[in-house]
Amino acid sequence: MEPQEKLLIARAADALERSGRFYNLNAVGFLNPHEAALIKREVHGTPDVRCEFFGGYEEAERRMFFSYPVFSEPDFGEFITAVRLTGRDISSLSHRDFLGSLMGLGIKRENVGDIVPCGDECLIFLKPKMAEYLTLNLTKIGRCGINAKVCGLGGISLPKRETKSKAASVSSLRLDCIVAAAVNMSRSRAAELIKAESVSLNFEPALSVSKAVESGDVISVRKHGRFRLAEIKGRTRKGRISVIIEKYI
């Protein structure tokens, strides 16, 4: 484990300890999917303290780690808010354009969650202090004039991320079998990709071809995209396992 990863786990464990000692809500992040998976594996709640990951909306990719007493009703709005950007021709801007403008203002990536372009507007999830700074300083992205306004988390409606579903039958739920079905390649080629460290399972490097994949697991295959084992339907007449695999578009 890298020193940075050990430090991150220590920060999450410290947040958990503080929630148990002072009966309050604590947060770490924003975290990328790998960092969240790392904490989820290494840091666990107790009978008195609950752990949760949240990024401002249900399907957020960049999320915060929260710890809080089980008897409390946490207000995640203390740590996360949203800013709505509008402007003429804003639909022509890309995710990279928005992120670049934030970095240009000196806002660190760890203070920013998901950036979600939605046609004629863009929602940015970030820490409240950064949101205030952003609304005061972001007036233009490229040649596009921008109006930035804090809208909070209440009433936000985001389109569900697009996926393409595929039905398949596999001999087992081993990782190499699922990768082969998802990417439409031979099992031996899928095994080669796994051994070459080109595959991750739930945002962590997957090195075992025989690793079991469960319903809901997310698989990333370098140069081929990201997939989710959406459903395990059961056995076919020939004894194979019928599955539904989603590819994120």
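Tutor: A pocket is an open set of grid points where a 1.4 Å probe fits, with protein on both sides within 12 Å along at least five of seven lines. Keep in mind that this is a predicted model.

Student: What volume does the largest pocket have here?

Tutor: Start with the general idea. Rolling a probe the size of a water molecule over the atoms shows where empty space is left. In this structure, the largest pocket comes to about 1,400 Å³. Its lining counts 46 residues, and Ala60, Glu61, Phe203, Val218 and Tyr248 are the closest to the centre.

Student: Which elements give two or more residues to that lining?

Tutor: They are α2 (33-42), β2 (49-54), β5 (112-117), β12 (204-205), β14 (225-235) and β15 (241-248). The top contributor is α2, with 5 residues.

Student: How do the residues of that lining divide into nonpolar, polar and charged?

Tutor: The split is 22 nonpolar, 6 polar and 18 charged.

Student: How much space lies in the second largest pocket, and which residues lie nearest its centre?

Tutor: The second largest pocket holds about 370 Å³. Its lining has 17 residues, with Gln4, Leu8, Arg11, Glu35 and Glu110 nearest the centre. At least two lining residues come from each of α1 (3-22), β1 (26-31) and α2. Here α1 gives the most, with 5 residues. By class, this lining has 6 nonpolar, 4 polar and 7 charged residues.

Student: On to the sheet. In what order do the 6 strands of the open sheet stand?

Tutor: The general idea comes first. Strands of a sheet pair through backbone hydrogen bonds, either parallel or antiparallel. Here the order is β10-β15-β14-β13-β11-β12, and the pairing is antiparallel.

Student: Why is one side of β10 and of β12 left without a neighbour in the sheet?

Tutor: Both β10 (163-170) and β12 stand at the edges, so each has a single partner strand and one side without a neighbour.

Student: How many bridges join β10 and β15?

Tutor: There are 8, in the antiparallel sense. For a specific pair, take Thr163: its bridge partner in β15 is Tyr248. Tyr248 is also one of the residues closest to the centre of the largest pocket.

Student: Is β15 mostly covered or mostly uncovered?

Tutor: Mostly covered. Of its 8 residues, 6 are buried. On another side of the pairing, β14 and β15 join antiparallel over 7 bridges. Within that pairing, Arg235 stands opposite Ile241 in β15.

Student: Which residue takes a positive phi in the hairpin of β14 and β15?

Tutor: Look at Gly239. Its phi is near 85°, in a hairpin with 5 residues between the strands.

Student: How many bridges join β13 to β14?

Tutor: Strand β13 (residues 218-221) is joined to β14 by 4 bridges, and the two run antiparallel. One position to inspect is Ile219, whose bridge partner in β14 is Phe227.

Student: Now the rings. How many aromatic pairs does the structure hold?

Tutor: It holds 7 aromatic pairs. Consider Tyr23 and Phe71. Their centres are 6.2 Å apart, with 40° between the planes, and the pair is tilted. Ring planes under 30 degrees apart would count as stacked, and over 60 as edge-to-face.

Student: Which parts does the Tyr23 and Phe71 pair tie together?

Tutor: Tyr23 lies in the loop between α1 and β1, and Phe71 in the loop between β3 (63-69) and β4 (81-86), so the pair ties together parts 48 residues apart in sequence. Both Tyr23 and Phe71 are exposed.

Student: Which residues form the aromatic cluster?

Tutor: Phe54, Phe66, Tyr68, Phe76 and Phe79 form one cluster.

Student: Let's turn to a single residue. Does Ser101 count as buried or exposed?

Tutor: Buried means under 20% relative accessible area. Ser101 is at 15%, so Ser101 counts as buried. The residue sits in helix α3 (residues 95-104). Leaving out residues up to four places away in sequence, Ser101 touches Leu138 and Ile141.

Student: Last, the whole chain. How many helices and strands does the chain have?

Tutor: There are 6 helices and 15 strands. The C-alpha atoms fill a box of roughly 60 × 50 × 35 Å along the principal axes. Of the 249 residues in the chain, 41% are buried. Among contacts with a separation of 6 or more, 58% join residues 24 or more positions apart.

Note on methods. Residues are numbered from 1 along each chain as its sequence is written. This is a predicted model: local features need pLDDT of at least 70, side-chain atom pairs count only at pLDDT 80 or more; totals for chains, interfaces and linings use all residues. Side-chain values use heavy atoms; hydrogens and water are left out. On a 1 Å grid over the protein atoms alone, a cavity is a set of points where a 1.4 Å probe fits but cannot get out, and a pocket is an open set with protein on both sides within 12 Å along at least five of seven lines; lining residues have an atom within 4 Å of a point. Grid points are joined across faces, edges and corners, and a volume is the space filled by probe spheres set on the points. Ala, Val, Leu, Ile, Met, Phe, Trp, Tyr, Cys and Pro count as nonpolar, Asp, Glu, Lys and Arg as charged, and the others, Gly among them, as polar. Rings of Phe, Tyr and Trp (its six-membered ring) pair if their centres lie within 6.5 Å; planes under 30 degrees apart count as stacked, over 60 as edge-to-face and the rest as tilted. Buried means under 20% relative accessible area, exposed over 50%, partly exposed in between (1.4 Å probe, protein chains only). Contact means heavy atoms within 4.5 Å. Two strands pair if DSSP finds at least two bridges between them.
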